[in-house]
Amino acid sequence: MVGSSLIAYTIRRLPYMVRSTMGSMRAIKADIEEAAVNLGATPLTAAITIVGPLMLPGIAAGSVLVFITVIKEASVSILLAPPEWAPMSLAIFQNILRAEYYSAAAMSVILVALVLILQGIASLMGKKQQL
């Protein structure tokens, strides 16, 4: 059951990753790869040593964006995951229903802090890529 939720997350969030990667690929000038090939590197070597490192910030930013959206996701986990595997948002809701407000508040603060930290990292990676 866990494998099916992983597949569901992958299928639902793959466009975010592809869009981020395509954006970083468009930012790379074709002249850079052509210069490496003209200087004697094979196309594979140019792709690995030149294009790959230039694409890493876009891939990392896309990964963080996908992780942020997945960590807040509850609907797919609720439908596909076994009962002992509950997402944090569902656990917060269940704690509120049981009147366990302190634990719900603590979990909410952790969730908000984690999302803010990851969004800050994604923002820094995006700014670094634009430079």
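**Exercise 1. Decide whether N95 is buried or exposed in this predicted model, and find out which residues surround it.**

Solution. Begin with the accessibility of the residue: N95 has a relative accessibility of 7% and therefore counts as buried, where buried means under 20% relative accessible area, exposed means over 50%, and partly exposed covers what lies in between (1.4 Å probe, protein chains only). Next, place the residue in the chain: N95 is found in helix α5, which covers residues 88-97, and helices here are DSSP runs of H or I with at least four residues, while strands are runs of E with at least two, numbered from the N terminus. Within α5, the residues L90, A91, I92 and N95 are buried. Then list the neighbours, taking contact to mean heavy atoms within 4.5 Å: not counting residues up to four places away in sequence, N95 touches E100, S103, A104 and M107. Finally, look at the side chains, where N95 and S103 are joined by a polar contact of 3.4 Å; such a contact is a pair of N or O atoms within 3.5 Å, and within protein one must be able to donate a hydrogen and the other to accept it, with residues adjacent in sequence counting only if both atoms are side-chain atoms.

Before going on, note that residues are numbered from 1 along each chain as its sequence is written. Because the model is predicted, local features need pLDDT of at least 70 and side-chain atom pairs count only at pLDDT 80 or more, whereas totals for chains, interfaces and linings use all residues, and side-chain values use heavy atoms, with hydrogens and water left out.

**Exercise 2. Find which residue pairs with E100 in a salt bridge, and describe A99.**

Solution. First recall that side chains of opposite charge can pair when their charged atoms come close. A salt bridge is a side-chain nitrogen of Lys or Arg within 4 Å of a carboxyl oxygen of Asp or Glu, and a search of the whole structure finds 1 of them. The side chains of E100 and R98 meet in a salt bridge, at 3.8 Å from N to O. E100 has a relative accessibility of 36%, so it counts as partly exposed. Now turn to A99, which lies in the loop between α5 and α6 and is partly exposed, with a relative accessible area of 47%. Its backbone deserves a second look, since most residues other than glycine have a negative phi. The phi of A99 is near 65 degrees, a positive value in a residue other than glycine.

**Exercise 3. Work out which residues L54, L56 and T21 can be paired with across the chain.**

Solution. Start with L54, which is found in helix α3 (residues 43-71) and is partly exposed at a relative accessible area of 39%. Leaving aside its neighbours within four places in sequence, L54 is in contact with I28 and I32, and its C-alpha is 8.2 Å from that of M25, although L54 and M25 are 29 residues apart in sequence. L56 also lies in helix α3, but its relative accessibility of 51% makes it exposed. L56 and M125 are 69 residues apart in sequence, and their C-alpha atoms are 9.6 Å apart in space. Last, T21 in helix α1 is buried, with a relative accessible area of 16%, and touches M55 and I59 when residues up to four places away in sequence are not counted.

**Exercise 4. Identify which residues form a nonpolar patch on the surface.**

Solution. Remember that an α-helix has 3.6 residues a turn, so residues three or four places apart point the same way. The patch is formed by L14, V18, M22 and M25, which together have about 340 Å² of accessible area, an area that comes from the Shrake-Rupley method with a 1.4 Å probe, where for residues only the protein chains shown count as cover. Patches are made of residues with over 30% relative accessible area and no salt bridge, with like charges joined within 9 Å and nonpolar side chains (Val, Leu, Ile, Met, Phe, Trp, Tyr) within 5 Å. As one member, V18 lies in helix α1 (residues 2-27) and is partly exposed, at 44%.
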